[in-house]
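Student: Hey, could you pick one spot in this structure and take me through it slowly? I'd like to see how you get from a single residue to the bigger picture.

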Amino acid sequence: MPPIHERPAASSRGGPPAHDVDEPPALTIAYARVGLWLFGVYLALYAAFVGVNAFAPDIMATRPAEGLNLAVSTGLGLIVAAIVLSLVYMAICKRVADRYWAASGTRPGRDGDRARGAGR
């Protein structure tokens, strides 16, 4: 296999492009803003988890039910929270994109592809 700097780009090998160059900057900015807010939510949850583990380990050692202690239970809860937040991100971004494309009057994959020259 040739070194990375000698390999052709993904798009020249027939693969998908590295990113969608046709995506409007307004959508990219909106997606980034949503992602940063949700990252902040997760960061707060994680900081609380780490803080309680660091400064009150006796609380995390308690067993609210038979089996797992609170540290393991809340750690698994953080994993579930990450999955839920990713689903929330997808739903919000879909709503943002739908509003954007409805306001612009075009939509990729329909009449927008012909207007942008897709399929050449």
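**Starting from one residue**

Tutor: Let's start with V72, which has a relative accessibility of 39% and so counts as partly exposed. Before we go on, keep in mind that this is a predicted model. V72 has its place in helix 3, an element that covers residues 70-104.

Now look for M60. V72 and M60 are 12 residues apart along the chain, and their C-alpha atoms are separated by 8.3 Å. M60 sits in helix 2, which takes in residues 57-60. Is M60 buried or exposed? With a relative accessibility of 7%, M60 is buried, because the cut-off for that label is under 20%.

What lies around M60? Skip the neighbours within four places in sequence, and the contacts of M60 are F49, V52, N53, N69, L70, A71 and T74. Pick A71 from that list: it is 11 residues from M60 in sequence, yet the two C-alpha atoms are 4.7 Å apart.

T74 is another one of the contacts of M60, and we can use T74 to hop over to L45. Those two are 29 residues apart in sequence, with 9.9 Å between their C-alpha atoms. L45 belongs to helix 1, the stretch from 25 to 55. At a relative accessible area of 39%, L45 is partly exposed. Beyond its neighbours within four places in sequence, L45 is in contact with L78 and A81.

So how do helix 1 and helix 3 lie against each other? They pack at an angle of about 165°, and their axes are 10 Å apart. An angle over 145 degrees counts as roughly antiparallel, and therefore that is the label for helix 1 and helix 3. Where helix 1 passes helix 3, the crossing is right-handed.

Follow the pair along and you come to the largest nonpolar core. Which residues make it up? There are five: L27, Y31, C93, A97 and W101. Helix 1 and helix 3 are the elements that each give two or more residues to this core, and helix 3 supplies the largest share, three residues. In soluble globular proteins, nonpolar side chains tend to be buried together. Take L27 as an example: leaving out neighbours within four places in sequence, L27 is in contact with V96, A97, Y100 and W101.

Stay on helix 3 for one more stop. The side chains of K94 and D98 form a salt bridge, with 2.8 Å from N to O. Side chains of opposite charge can pair when their charged atoms come close. Why are K94 and D98 about one helical turn from each other? Because they are four residues apart in helix 3. K94 is exposed, at a relative accessible area of 51%, while D98 is partly exposed, at 24% relative accessibility. The count of salt bridges comes to one.

Now zoom out. The protein has four helices and zero strands, and the order of its elements from the N terminus is α-α-α-α. Of its 120 residues, 14% count as buried, and M60 is buried, as we saw. One last number for the whole chain: take the contacts between residues at least 6 apart in sequence, and 51% of them join residues at least 24 apart.

Methods
Residues are numbered from 1 along each chain as its sequence is written. This is a predicted model: local features need pLDDT of at least 70, side-chain atom pairs count only at pLDDT 80 or more; totals for chains, interfaces and linings use all residues. Side-chain values use heavy atoms; hydrogens and water are left out. A salt bridge is a side-chain nitrogen of Lys or Arg within 4 Å of a carboxyl oxygen of Asp or Glu. Buried means under 20% relative accessible area, exposed over 50%, partly exposed in between (1.4 Å probe, protein chains only). A nonpolar core is a set of buried Ala, Val, Leu, Ile, Met, Phe, Trp, Tyr and Cys residues joined through side-chain atoms within 4.5 Å. Contact means heavy atoms within 4.5 Å. Axes are lines fitted to C-alpha atoms, for helices over the stretch in contact, and angles run from 0 to 180 degrees between N-to-C directions. Angles under 35 degrees count as roughly parallel, over 145 as roughly antiparallel, 65 to 115 as roughly perpendicular and the rest as oblique. A crossing is left-handed if the near helix is turned anticlockwise from the far one by less than a right angle, and right-handed if clockwise.
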